[in-house]
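Work through the exercises below with the sequence and the structure side by side. Try each task before you read its solution.

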Amino acid sequence: MRILPLLFLLLTSPALAAEAIVKDGDTIQIGNVAYNLAGVDAPEVDQPCVDEHADNWACGVEARDRLIKLVGKREIRCEDLGEDKADKGRRAALCTIAGETMSLNQAVIQSGFGVNVEVPAKAGTKARFQADEAAARDKRQGLWRGCFVSPANFRSKSADSALLGSSCAPDKEKALRAALFPEDLPKPDGCNIRAKQVRRAKLTGNVGVYLIPQCQNYATQPKPDRWFCSEDDARAAGYRKAINCQASSSRK
């Protein structure tokens with residue numbers, strides 16, 4: 001008779017792991033489950049920014065690397081808040097390093113490497129970080145010291161979206177937008193999956209299509225709109241594998 005209570009405890013307890021995999025500035029994978037930090041939207045790994053010296057800056061890579069450093073090899077507990085509506089197959093969560101009271105969610109916002117976004121109702125007030133974002137902005141922490149667009153606007157290619165940060169000089173707006181939405185998006189190290197927004201994919205509820213290096217037409221495709229580090233990341237962002245790529249892969 002003790003089996004059922006134990007099973008219930010295992011199913012309802014927050015996820016816990018000795019080591020977690022940091023996928024980007026606001027996503028942590030524990031086992032087979034990828035958790036997005038609720039209330040946080042950090043730059044995508046392929047997202048470019050401009051720093052305080054008006055130089056191009058791989059802010060998405062730095063956001064990921066800072067979260068990796070913050071997590072280290074320590075145990076993390078994630079409170080599952082349900083399916084994340086923004087990313088397919090991912091869960092929203094409040095994640096905390098064992099022995100600490102501040103959540104990783106809040107720590108990312110305080111560091112200035114993420115913006116505050118709407119949270120699941122289940123989170124209550126625990127994942128609302130407007131004050132933390134305001135403090136990071138005032139102190140010019142992280143992204144706020146330079147010039148950037150919100151991760152959501154980068155993902156949607158909203159080139160006319162609001163410029164954020166303390167170094168967005170009005171007389172340099174054209175050059176800033178060209179740097180934040182480059183025609184030839186730099187490829188982050190280790191991220192060789194090419195993705196393109198296409199209208200036909202949107203008819204099936206996807207943002208676009210992606211190609212892996214094994215696809216026969218990989219090298220001849222137009223410049224990508226996005227780069228992904230894994231097929232799971234591409235699918236989570238709403239991209240599907242290109243049909244001609246699936247056909248060429250199946251023949252191998």
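**Exercise 1.** Determine how helix α3 and helix α4 are oriented relative to each other.

*Solution.* Begin with the elements themselves: helices (H or I, at least four residues) and strands (E, at least two) are DSSP runs, numbered from the N terminus. Helix α3 covers residues 104–111 and helix α4 covers residues 130–139, and the two pack at an angle of about 25° with their axes 7 Å apart. Here axes are lines fitted to C-alpha atoms, for helices over the stretch in contact, and angles run from 0 to 180 degrees between N-to-C directions. Angles under 35 degrees count as roughly parallel, over 145 as roughly antiparallel, 65 to 115 as roughly perpendicular and the rest as oblique. α3 and α4 are therefore roughly parallel to each other.

Next, look at the residues that touch, where contact means heavy atoms within 4.5 Å. From α3 come Q106, I109 and Q110, and they meet D132, E133 and A136 of α4. The residues of this contact divide into two nonpolar, two polar and two charged; Ala, Val, Leu, Ile, Met, Phe, Trp, Tyr, Cys and Pro count as nonpolar, Asp, Glu, Lys and Arg as charged, and the others, Gly among them, as polar.

Before going on, note that this is a predicted model, in which local features need pLDDT of at least 70 and side-chain atom pairs count only at pLDDT 80 or more, while totals for chains, interfaces and linings use all residues. Residues are numbered from 1 along each chain as its sequence is written, and side-chain values use heavy atoms, with hydrogens and water left out.

**Exercise 2.** Is N56 buried or exposed, and which residues does N56 contact beyond its neighbours within four places in sequence?

*Solution.* First locate N56, which is in strand β7 (residues 56–57). N56 has 65% relative accessibility and therefore counts as exposed, given that buried means under 20% relative accessible area, exposed over 50% and partly exposed in between (1.4 Å probe, protein chains only). Then set aside the neighbours within four places in sequence, and the contacts of N56 are C49 and A179. N56 and A179 are 123 residues apart in sequence, yet their C-alpha atoms are 6.8 Å apart in space.

**Exercise 3.** Find how the rings of W57 and F113 are arranged, and then treat W144 and F148 in the same way.

*Solution.* A pair of aromatic rings is described by the distance of the centres and the angle of the planes. Rings of Phe, Tyr and Trp (its six-membered ring) pair if their centres lie within 6.5 Å, and planes under 30 degrees apart count as stacked, over 60 as edge-to-face and the rest as tilted. The structure holds three aromatic pairs. In one of them, the centres of the W57 and F113 rings are 6.2 Å apart and the planes stand at 75°, so the pair is edge-to-face. This pair links distant parts of the chain, since W57 is in strand β7 and F113 is in the loop between α3 and β10 (115–116), 56 residues apart. W57 counts as buried at 10% relative accessibility, and F113 counts as buried at 3%.

For W144 and F148, the centres are 5.1 Å apart and the planes are at 80°, so this pair is edge-to-face. W144 is buried at 5% relative accessibility, and F148 is buried with a relative accessible area of 1%.
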